[in-house]
Amino acid sequence: MDLTAHHFIVLLPLLLTCATAVLVMLGIAWQRNHSQSYLLSVLGLGAALLSLPAALHSSPQSVTALLTVDRFACFYMALILLASIACVTLAHAYLGEQQGKGYPGNREELYLLMLLATAGGLVLVSTQHLAGLFIGLELLSVPTYGLVAYAFFNRRSLEGGIKHMVLSVAGSAFLLFGIALLYADTGSLSFAGVGDRFMADAHPAALIQLGMGMLLVGLAFKLSLVPFHLWTPDVYEGAPAPAAAFLATASKVAVFAVLLRLFQFLPAASTPALHHLLAIIAVASILVGNLLALLQNNLKRLLGYSSIAHFGYLVIALVASQGLAVEAVSVYLATYVLTTLGAFGVITLMSTPYSGRDCDALYEYRGLFWRRPYLTAVLTVMMLSLAGIPLTAGFIGKFYIIAVGVQAELWWLLGALVLGSAIGVFYYLRVMVTLFMVEPNLRRHDAPFDWGQRAGGVMLLVVAILAFVLGIYPQPLLAMLSSVNLG
Amino acid sequence: MILPWLVLIPFIGGLLCWVAEHYSSSLPRWLGLLTMGLELLLGLWLWHQGDFQLAPAAGSPPAWELEFKYIWIQRFGISIHLALDGLSLLMILLTGLLGLLSVLCSWQEIQKHVGFFHLNLMWILGGVVGVFLALDLFLFFFFWEMMLVPMYFLIALWGHSAADGRTSRINAATKFFIYTQASGLIMLVAILGLVFVNFHNSGELTFDYAKLLQARLAPSVEYILMLGFFVAFAVKLPVVPVHSWLPDAHAQAPTAGSVDLAGILLKTAAYGLLRFAVPLFPNASAEFAPIAMGLGVLGIIYGALLAFAQTDIKRLVAYTSVSHMGFVLVGIYSGSQIALQGVVIQMLAHGLSAAALFILCGQLYERLHTRDLREMGGLWGRLNYLPGVMLFFAAASLGLPGTGNFLGEFLILLGTFKVAPLIAVLASVGLVLASVYSLIMIQRAFYGPAKADGVLPGLDRREQAMVLSLIGLLVLLGIYPQPVLDTSLASMDGVQQWLAAAFSQLISAR
């Protein structure tokens with residue numbers, strides 16, 4: 001096929017991100033400079049973000065069979081790019097701005113890995129083809145192994161990285177096998193082609209059902225849904241805070257977006273088996289995630305378990321797969337990204353600059369309010385938002401999920417959601433009240449006093465204000481999202 | 001434009017209190033006092049110049065004394081819709097008054113982080129005012145959940161842990177939060193269910209009260225949705241099987257927290273029943289009425305018996321609240337106009353008397369540093385004023401004629417007797433038990449041999465002013481309740497019409 005200017009315009013975000021990766025690499029080869037690499041990365045990602053309106057204008061547009069840029073893709077690209085910019089900014093603060101203090105190894109490659117993973121995410125959200133799905137997923141996953149193990153002289157980080165790699169590769173193997181089975185039966189790799197065959201038969205062949213099941217398992221690994229969640233807490237704990245933030249936001253958003261698109265072509269409700277499987281996964285993720293989070297004394301592990309539960313809530317919308325479902329997922333993911341970035345942002349700033357271990361034990365946050373009121377306010381808003389309390393963005397997301405559940409009459413799943421939220425409130429409140437308790441005498445970690453004036457701090461404050469404003473006045477976001485449909 | 005200001009004033013005042021802490025530690029207190037004074041004055045001014053003949057009633061589009069509407073989330077047909085009728089006005093007056101008192105009663109008690117304390121206090125009150133004014137179901141839920149967070153902080157950060165160390169203040173606060181949050185989510189599911197059923201029938205996605213009143217519901221759906229609302233209100237009221245957060249929360253909360261909790265937060269549940277659960281689902285409510293009244297009687301007797309057995313004076317008062325709110329539940333579901341008017345009086349009178357009792361408990365604690373009745377005794381001779389005042393409020397709580405409590409309970413029993421004689425007879429057992437627990441409290445605390453010698457400091461001016469004004473109001477409510485009854489008449493009339501129509505339909509169906 002011929003490539004015209006239109007094609008290049010819709011691909012601009014992806015092209016710019018890849019070009020930035022090359023530029024940063026060349027920059028490192030020429031001369032190592034931390035700030036320069038950071039600036040290049042942010043500028044590149046920012047340019048990609050700015051090119052989105054142009055891409056949106058030319059959409060929907062297919063570029064080869066693999067990629068299709070439409071409104072849906074554009075929205076998720078924006079979300080991923082924003083999350084990446086935030087993570088890169090956090091990483092800059094985390095690694096340390098001056099030479100000699102902070103992270104002792106080579107700092108610049110972290111940006112390279114993040115840029116590559118971002119490019120993978122962009123491919124993933126705009127693909128409508130199983131091959132594109134696999135390429136995007138691997139491009140997203142492989143750099144994250146490096147990201148998790150970036151602080152490799154820390155035993156936990158290395159262990160987390162290896163664990164992530166092994167399990168992720170196992171997930172990919174499932175995925176590939178599933179794709180192969182689907183291809184064997186339908187002879188097509190595009191979502192639409194598989195979907196047509198799927199819908200054509202009243203009782204799809206066992207092979208195609210098995211293929212879908214395996215595909216689902218593979219994606220569930222990446223989304224850490226129960227029972228494929230075992231890697232999550234260890235990896236979250238081991239990964240340096242900005243890397244964990246990236247894993248929790250950009251990476252998961254991209255995978256969930258592709259899953260959602262897949263299900264739009266193959267509505268889950270069309271086979272009872274898949275429907276039940278998803279419902280069981282949702283209930284299990286909500287309950288297991290919340291229950292295991294109850295007794296955590298490590299904030300990063302706690303957030304890991306809470307993310308399992310949150311993706312359980314999201315699967316409810318996937319099961320419903322009708323009415324408001326797509327919109328609900330978009331809203332929920334947007335609020336979730338905002339909230340998770342905020343929470344990990346606070347952990348990052350508390351651990352800034354890098355000094356061996358992150359500040360992630362809950363007792364290290366005791367009495368934070370009385371010495372860092374604004375940082376605490378940010379974390380408080382994030383915890384309330386994760387718990388879904390009004391005045392925060394998280395409430396709007398939860399409201400949407402419940403609305404979808406009611407609309408599709410999924411009473412059992414709603415019951416699990418209510419129960420899960422009640423359990424969840426317990427540990428979010430535990431974190432919150434810790435922040436306000438009397439402070440201990442001994443403390444190892446603390447955020448730098450001028451955190452609010454640095455890039456990371458400014459970004460964090462913006463995230464917190466957004467989370468608050470969206471909770472009070474969500475209309476602009478909703479108006480934008482109600483038009484985000486597939487195709 | 002006055003209605004949004006009623007909601008906004010406490011929120012803005014709270015923020016100012018927080019900021020003011022940097023300048024002086026007493027400035028937040030004065031600002032809090034000013035904020036709540038302004039709120040109360042606005043309420044009084046509204047009372048003075050309104051006539052309150054307008055209230056929602058069955059069969060016609062709801063009419064309001066004052067209304068404010070602003071489109072908020074267009075996507076779902078959600079608007080910031082506030083409206084005022086007699087019932088909401090009375091509740092707002094109560095909120096303003098008790099808000100003022102809770103600022104006053106923490107003047108000495110709260111010494112650390114004064115600004116943040118007042119921020120939380122003001123935000124609770126703002127949320128409560130929002131609940132009393134909201135007419136959009138989403139907005140109502142928004143405020144309903146929002147007041148939990150500051151209350152949580154109030155208990156968790158400034159509360160007292162129990163002497164025996166069994167229940168810490170953080171556990172109590174968390175229990176309170178989880179109970180109300182989980183039941184709130186069930187209500188949210190029911191709200192959305194109602195909205196989508198209405199959307200299905202009429203094609204309009206809206207959360208507006210007036211429009212949802214017209215929703216046509218199948219009987220079974222109506223019953224289930226009603227239960228969803230009832231669960232949330234039952235937890236907050238509290239109704240007996242789901243009451244266990246209340247004694248813990250009260251016992252551990254600082255005085256101001258207890259005053260707000262007993263005086264106003266419990267009333268939001270009764271208000272929710274009157275404003276939402278009954279009018280939106282009249283038929284299901286009528287069908288459910290015998291069960292609800294049964295639960296009410298259970299609460300009256302169970303609360304009274306447990307109150308009698310307590311050794312912690314604040315827990316004792318907390319259980320009396322369970323008992324008194326049982327009367328409210330009986331009155332609401334009796335569907336008789338006299339009983340419904342009694343409910344309003346009972347809500348106001350209980351708000352005043354429970355607040356007073358908690359303030360007095362706080363003052364006792366400040367002097368004795370214990371809430372354990374076993375360590376009190378013989379205080380009558382050692383304390384000036386306080387025992388006498390306490391005796392008055394104990395008498396009010398047992399329903400002595402001349403106080404508002406008597407009037408409320410009497411009207412409720414009178415109205416209920418015509419509808420459900422058995423329930424009324426059983427409920428009046430509560431009055432007997434009330435005198436038992438009230439008197440035993442006075443006996444244990446103030447009579448008998450003294451545990452120590454020496455005179456304790458009596459009440460100072462601030463404390464005297466607080467309790468004396470409450471005595472005055474309670475007596476006024478008891479002997480001249482007519483202005484209050486006039487104000488709430490139209491609102492209660494509406495509720496009564498809804499229930500009466502549903503009851504007659506139910507009887508003809510049998």
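Colleague: What makes B:I186 buried, exposed or something in between?

Modeller: In this predicted model, the relative accessible area of B:I186 is 33%. Buried requires under 20%, and exposed requires over 50%. The value falls between the two cut-offs, so B:I186 is called partly exposed.

Colleague: Where does B:I186 sit, and what does B:I186 touch?

Modeller: B:I186 belongs to helix 7 of chain B, residues 169-202. Leaving out residues up to four places away in sequence, B:I186 touches A:V418, B:G228 and B:V231. To count as a contact, heavy atoms must lie within 4.5 Å. B:L225 is 39 residues from B:I186 in sequence, with 9.6 Å from C-alpha to C-alpha.

Colleague: Now A:L215. Why is A:L215 put in the class it has?

Modeller: Its relative accessibility is 0%. The cut-off for buried is under 20%, so A:L215 counts as buried. A:L215 lies in helix 9 of chain A, residues 206-223. Beyond residues up to four places away in sequence, A:L215 touches A:L130, A:L175, A:G178, A:I179, A:L182 and A:L262. A:D358 is 143 residues away along the chain, and the two C-alpha atoms are separated by 35 Å.

Colleague: How do you know whether the length of helix 18 of chain A agrees with its residue count?

Modeller: Helix 18 covers residues 411-436, which is 26 residues. The expected span is 1.5 Å times one less than the number of residues, and that comes to 38 Å. The end C-alpha atoms are 37 Å apart, so the span agrees.

Colleague: What makes you call helix 18 of chain A covered or uncovered?

Modeller: Of its 26 residues, 20 are buried. Helix 18 of chain A is therefore described as mostly covered.

Colleague: Turn to the largest nonpolar core. Which residues touch the most other members, and which helix gives the most?

Modeller: That core has 392 residues, and A:Y76 and B:F229 touch the most other members. Helix 4 of chain A, residues 71-95, gives the most to this core, with 19 residues. Beyond four places in sequence, B:F229 touches B:L137, B:M187, B:A190, B:I191, B:F276, B:A277, B:L280 and B:F281.

Colleague: Why are such residues called a core?

Modeller: The term requires buried residues of a nonpolar set, joined through side-chain atoms within 4.5 Å. Tyr and Phe belong to that set, so A:Y76 and B:F229 can be members.

Colleague: How many cavities are there, and what is the volume of the largest?

Modeller: The search finds 9 cavities of 30 Å³ or more. The largest has a volume of about 90 Å³. Helix 6 (130-148), helix 7 (155-186) and helix 11 (241-265) of chain A give two or more residues each to its lining. Helix 11 supplies the largest share, 4 residues. Among the lining residues are A:H164, A:K222, A:W231 and A:K252. By class, the lining has 4 nonpolar, 5 polar and 2 charged residues.

Colleague: Why is this space called a cavity and not a pocket?

Modeller: In a cavity a 1.4 Å probe fits but cannot get out, whereas a pocket is an open set.

Colleague: What lines the second largest cavity?

Modeller: Its lining includes A:H310, A:Y332, A:Y336 and A:K398, and its volume is about 70 Å³. Helix 14 (325-350) of chain A gives the largest share, 4 residues. The classes are 3 nonpolar, 6 polar and 1 charged.

Colleague: What is the class make-up of the largest pocket's lining, and which residues lie nearest its centre?

Modeller: The lining has 37 nonpolar, 4 polar and no charged residues. Of its 41 lining residues, A:L391, A:F468, A:I472, B:F11 and B:W123 lie nearest the centre. The space is about 1,200 Å³. Elements of both chains contribute, including helix 19 (455-472) of chain A and helix 1 (2-20) of chain B.

Colleague: And the second largest pocket: which element gives the largest share of the lining?

Modeller: Helix 4 of chain A does, with 10 residues. The pocket holds about 770 Å³ of space. Of its 30 lining residues, A:F75, A:A78, A:L79, A:L82 and A:M480 are the closest to its centre. The lining divides into 27 nonpolar, 2 polar and 1 charged.

Technical notes: Residues are numbered from 1 along each chain as its sequence is written. Chains are lettered from A and ligands numbered from 1 in the order in which they are written. This is a predicted model: local features need pLDDT of at least 70, side-chain atom pairs count only at pLDDT 80 or more; totals for chains, interfaces and linings use all residues. Side-chain values use heavy atoms; hydrogens and water are left out. Buried means under 20% relative accessible area, exposed over 50%, partly exposed in between (1.4 Å probe, protein chains only). On a 1 Å grid over the protein atoms alone, a cavity is a set of points where a 1.4 Å probe fits but cannot get out, and a pocket is an open set with protein on both sides within 12 Å along at least five of seven lines; lining residues have an atom within 4 Å of a point. Grid points are joined across faces, edges and corners, and a volume is the space filled by probe spheres set on the points. Ala, Val, Leu, Ile, Met, Phe, Trp, Tyr, Cys and Pro count as nonpolar, Asp, Glu, Lys and Arg as charged, and the others, Gly among them, as polar.
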